[in-house]
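Welcome, and please take a moment to turn the model around before reading on. The paragraphs below will walk you through it step by step.

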Amino acid sequence: MAQISATEKPQMQQIDLNTLNLQQLTQLKNQLDQELSYFQDSLNSIKMARSKYSASKDALEQFRADWNEKQILVPLTGSMYVPGTIKDANNVIIEVGTGYYVENDLESAKAFFKRRVEYVQEQLEKIENIGIEKSKIREAIREVMEMKLDVFTKKELLKQRESK
């Protein structure tokens, strides 16, 4: 007996897939396909955020507190840079989200990005687990649909043979 559990709501809801007709199964499968697409988009966004935080963390790991008065190239875009000079290598300005910037000492900034990478990784794993569960449910639905189609096809063949 194929059953699925929907755990998005606080209460566990079970549905016996065998009691649903093909149209209901198709609707349920289509809904899961949409949800899986949404989860995939979310995963891509979170992976991009993780990549940006990791890049910032890695850049700060390369940064040295004794680089005062060092000449650098400051990126204005992905392909355009201007010359600059580091005035205070012990303090950096970091974006903390939604366009807000905070001045931090070098070690605090490193710790901030380390925490951000860890948090984003945790969220990524949660979404991946939900996606895996929904994929299993979709597969169960597909199997029941195939079983019902096979039964329907066999019944139709028997009807055709009987009518001859």
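At what angle do helix H1 and helix H2 pack, and how far apart are their axes? Before the answer, one word of caution: what you are looking at is a predicted model. In this model, H1 covers residues 22-62 and H2 covers residues 106-163, and the two helices pack at an angle of about 160° with their axes 8 Å apart. An angle over 145 degrees counts as roughly antiparallel, and H1 and H2 are therefore roughly antiparallel to each other. If you follow the crossing of H1 and H2, you will find that its hand is left. The residues that make up the contact of H1 with H2 include 23 nonpolar ones, along with eight polar and 14 charged ones.

Now let us look at a pair of rings that belongs to these two helices. Tyrosine 53 and phenylalanine 113 have ring centres 6.1 Å apart and ring planes at 45°, so this pair is tilted. Because tyrosine 53 lies in helix H1 and phenylalanine 113 in helix H2, the pair ties together parts that are 60 residues apart in sequence. Are the two partners buried or exposed? Tyrosine 53 counts as partly exposed, with 21% relative accessibility, whereas phenylalanine 113 is buried, with a relative accessible area of 6%. The cut-off helps here: buried means under 20%. The two rings also have company, as Tyr53, Phe112 and Phe113 form one aromatic cluster. In total, the model has four aromatic pairs.

Stay with phenylalanine 113 for a moment to get a sense of distance. How far apart in space are phenylalanine 113 and leucine 22? From C-alpha to C-alpha they are 50 Å apart, and in sequence 91 residues separate them. Phenylalanine 113 itself lies in helix H2, and leucine 22 is where the range of helix H1, residues 22-62, begins.

Next come the charged side chains. How many salt bridges does the model have? The count comes to 10. Two of these can be found by following helix H2. In one, the side chains of glutamate 133 and lysine 136 meet, with 3.8 Å from N to O. These two residues both lie in helix H2, three residues apart, which is about one turn of the helix. Glutamate 133 is partly exposed, at a relative accessible area of 45%. In the other, lysine 159 meets glutamate 156, again with a value of 3.8 Å from N to O. Lysine 159 and glutamate 156 are three residues apart in helix H2, so about one helical turn separates them. Of these partners, lysine 159 is exposed, with a relative accessible area of 52%, while glutamate 156 counts as partly exposed at 29%. Salt bridges can also share partners, and in this way Lys29, Asp33 and Arg138 are joined into one network.

Another salt bridge takes us away from the helices and into the loops. Lysine 87 pairs with glutamate 69, and their closest N and O atoms are 3.7 Å apart. Where in the chain do these partners sit? Lysine 87 is in the loop between strand E4 (81-85) and strand E5 (91-97), and glutamate 69 is in the loop between H1 and strand E3 (71-75). The pair links distant parts of the chain, 18 residues apart. Lysine 87 counts as exposed at 61% relative accessibility, and glutamate 69 is partly exposed at 49%. Since exposed means over 50%, glutamate 69 falls in the class in between.

Glutamate 69 has one more feature to show you, this time in its backbone. Its phi is near 70°, a positive value in a residue other than glycine. Which other residue can you look at for a positive phi? Try threonine 98, a residue other than glycine whose phi is near 45°. Threonine 98 is found in the loop between E5 and strand E6 (100-105), and at 75% relative accessibility this residue counts as exposed.

Definitions and conventions: Residues numbered from 1 in each chain as written. Predicted model: local features only at pLDDT ≥ 70, side-chain atom pairs only at ≥ 80, totals over all residues. Heavy atoms only, no water. Axes fitted to C-alpha atoms, helices over the stretch in contact; angles between N-to-C directions. Helix = DSSP H or I, 4+ residues; strand = E, 2+ residues; numbered from the N terminus. Parallel < 35°, antiparallel > 145°, perpendicular 65-115°, else oblique. Left-handed = near helix turned anticlockwise from the far one by under 90°. Nonpolar A, V, L, I, M, F, W, Y, C, P; charged D, E, K, R; others polar. Salt bridge = Lys/Arg side-chain N within 4 Å of Asp/Glu carboxyl O. Buried < 20%, exposed > 50% of the residue type's maximum accessible area, 1.4 Å probe, protein only. Phe/Tyr/Trp six-rings, centres within 6.5 Å; stacked < 30°, edge-to-face > 60°.
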